Amino acid sequence: MAKSELQRHRNDGSVCEHTYPDVLRLRDEIRPDGTLVRILDCVYCGRVEHLMSATSLAPAMAAELRRTGVLGGSPESELGAIRARERARINAETKRLAALTLDDLLKEGFPNGATQIDMYDIDAGLDLEYFYGEESTGDLINNRETTDRILADVEARAKLLTQYGHGAFTWHHAGRTYEIAVQAFEDEEEPSFRLTVKPS
């Protein structure tokens, strides 16, 4: 979605820049002149509107909006409960991410059949890709402190500072021993670290 489509205007013409769940969608509607408008409720700004293009909606939703003229969102009577529930969920997820360790990531991959884990150090945090044969799955740890701690742990365990970008370490889990090779990359197109389990 283009940046201009994200600007949410208050009644005085200024822009609301608050985020979910402080901002909740009440409804989408089509004005008599054909303009698509999303009506939002902001804890700080009150009722807020922002203009949309049809391309910002899924095709089925855009078709339904044209047919009915309005698409409902969060019921006004439930806004408080929705915000409380979502804040609790976000807080729990933040605590989970803050507590994650390298061992948690290894447990997610290698005991479940992964042969390789790629770790990308990106602005948002740590982008992970687990490889299972020809298939792969991804995950994102959007916590900077956790990302830095995990990457430092990889570097320390594999002794990469003295191994010129290649190292290895032994990992024990559930009665099994895993020999894990580690390769570091400097190219931004490559993962920061690639962890590969050696065949037993």
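This passage describes salt bridges, one helix face and a charged surface patch in a predicted model.

Across the whole structure, 16 salt bridges were found. Side chains of opposite charge can pair when their charged atoms come close. Within helix α3, which spans residues 79–99, E93 is paired with R96, and the closest N and O atoms of this salt bridge are 2.8 Å apart. Because E93 and R96 are 3 residues apart in α3, about one helical turn separates them. Both partners are partly exposed, E93 having a relative accessibility of 33% and R96 one of 40%.

A similar arrangement occurs in helix α5 (residues 144–157), where R144 forms a salt bridge with D148 at a closest N and O distance of 2.9 Å. These two residues lie 4 residues apart in α5, so that about one helical turn lies between them. In addition, salt bridges with shared partners join R27, E29, R31 and E49 into one network.

Helix α4 (residues 102–109) has buried residues at L102, L105, L106 and G109, and because these cover an arc of only 100° around the axis, they lie on the same side of α4. D103, by contrast, is partly exposed, since its relative accessibility is 24%. D103 forms a salt bridge with R157, with closest N and O atoms 2.7 Å apart; as D103 belongs to α4 and R157 to α5, the pair ties together parts that are 54 residues apart in sequence.

On the surface, D187, E188, E189 and E190 form a negative patch. Of these residues, E188 is located in the loop between β11 (176–184) and β12 (193–197), and E188 counts as exposed because its relative accessibility is 76%, where the cut-off is over 50%.

Technical notes
Residues numbered from 1 in each chain as written. Predicted model: local features only at pLDDT ≥ 70, side-chain atom pairs only at ≥ 80, totals over all residues. Heavy atoms only, no water. Patch = residues over 30% accessible without salt bridge, like charges linked within 9 Å, V, L, I, M, F, W, Y side chains within 5 Å. Areas by Shrake-Rupley, 256 points an atom, 1.4 Å probe, with all protein chains shown as cover. Salt bridge = Lys/Arg side-chain N within 4 Å of Asp/Glu carboxyl O. Lys, Arg positive; Asp, Glu negative; His and termini not counted. Charge placed at Lys NZ, Arg CZ, Asp CG, Glu CD. Buried < 20%, exposed > 50% of the residue type's maximum accessible area, 1.4 Å probe, protein only. Arc of directions from axis to C-beta.
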